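Student: I find it easier to learn a structure by starting from one small part. Please pick a single strand and take me through its surroundings slowly, explaining each term as you go.

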Amino acid sequence: MTGNDAAAAALSRYETIAEDLAPLGAHRSQMFGMPCLKDVNGKAFAGLHGAELVCRLGRDSAEHAEALALEGAHLFDPAGGRPMKDWVCVPASSSARWRRYAEAALAAPR
């Protein structure tokens, strides 16, 4: 799969998740120049950064630890040098788990 194919597949998966979470109050927006999902209060909880799903799982949650343990996962660092400790980048290789983490991020306290 080429880089363009991987990006297109990631975007398609992200869009499906956005549609699935819309009945729960999620809506599309932008954050850090990337597409993101916000809750009914306008707080971002997930986004698409390249071919990775970025989720605000909360640094002390079981989902955060589980997601961070995935091969290729890492803390979100949009500016370089200051990782956001509550946010985990879940790689495309784990896209089958994206919806689970997006749902957990939506449910997590903010």
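Tutor: Let's follow one strand, β6, and its neighbours.

This is a predicted model, in which local features need pLDDT of at least 70 and side-chain atom pairs count only at pLDDT 80 or more, while totals for chains, interfaces and linings use all residues. Residues are numbered from 1 along each chain as its sequence is written, and side-chain values use heavy atoms, with hydrogens and water left out.

Start with how enclosed the strand is. Helices (H or I, at least four residues) and strands (E, at least two) are DSSP runs, numbered from the N terminus. Five of the seven residues of β6 are buried, so the rest of the structure largely encloses this strand. Here, buried means under 20% relative accessible area, exposed means over 50%, and partly exposed is in between, using a 1.4 Å probe and protein chains only.

Next, look at the nonpolar surroundings. A nonpolar core is a set of buried Ala, Val, Leu, Ile, Met, Phe, Trp, Tyr and Cys residues joined through side-chain atoms within 4.5 Å. In the largest one, which has 24 residues, Phe45 and Leu57 touch the most other members. At least two residues of this core come from each of α1 (3-21), β3 (44-49), β4 (52-56), β6 (84-90) and α3 (98-107). Helix α3 gives the largest share, six residues. Another core lies apart from it, with eight residues that include Met34, Ala44, Phe76 and Cys89. This fits a broader pattern: in soluble globular proteins, nonpolar side chains tend to be buried together.

Now for the partners of β6. Two strands pair if DSSP finds at least two bridges between them. With β4, the pairing of β6 is antiparallel and has four bridges; across it, Val54 stands opposite Cys89. Strand β5 (residues 74-76) also runs antiparallel to β6, joined to it by three bridges, and there Leu75 has Val88 as its bridge partner. When you trace these strands, keep in mind that in a regular strand the side chains alternate between the two faces of the sheet.

The rings come next. Rings of Phe, Tyr and Trp (its six-membered ring) pair if their centres lie within 6.5 Å; planes under 30 degrees apart count as stacked, over 60 as edge-to-face and the rest as tilted. That rule gives two aromatic pairs. One is Phe32 with Phe76, an edge-to-face pair at 5.9 Å centre to centre and 65° between the planes. Since Phe32 sits in the loop between β1 (27-31) and β2 and Phe76 in β5, this pair ties together parts 44 residues apart in sequence. Phe76 has a relative accessible area of 1%, so it is buried. Phe76 also pairs with Trp87 in a tilted arrangement, 6.4 Å centre to centre with 50° between the planes. Because Phe76 belongs to β5 and Trp87 to β6, the contact ties together parts 11 residues apart in sequence. Trp87 is buried too, with a relative accessible area of 6%. Through these ring pairs, Phe32, Phe76 and Trp87 are linked into a cluster.

Finally, consider charge. A salt bridge is a side-chain nitrogen of Lys or Arg within 4 Å of a carboxyl oxygen of Asp or Glu, and the structure holds six. In one of them Arg56 meets Asp86, with their closest N and O atoms 3.7 Å apart. Arg56 is in β4 and Asp86 in β6, so this bridge ties together parts 30 residues apart in sequence. At 21% relative accessibility, Arg56 counts as partly exposed, whereas Asp86, at 15%, counts as buried. Asp86 forms a salt bridge with Arg59 as well, the closest N and O atoms being 3.0 Å apart. This second pair links distant parts of the chain, because Arg59 lies in the loop between β4 and α2 (62-68), 27 residues from Asp86 in strand β6. Arg59 is partly exposed, with a relative accessible area of 45%.

To put the picture together: β6 is largely enclosed by the rest of the structure, pairs with β4 over four bridges, joins β5 through three, brings Trp87 to a ring cluster, and places Asp86 in salt bridges with Arg56 and Arg59.
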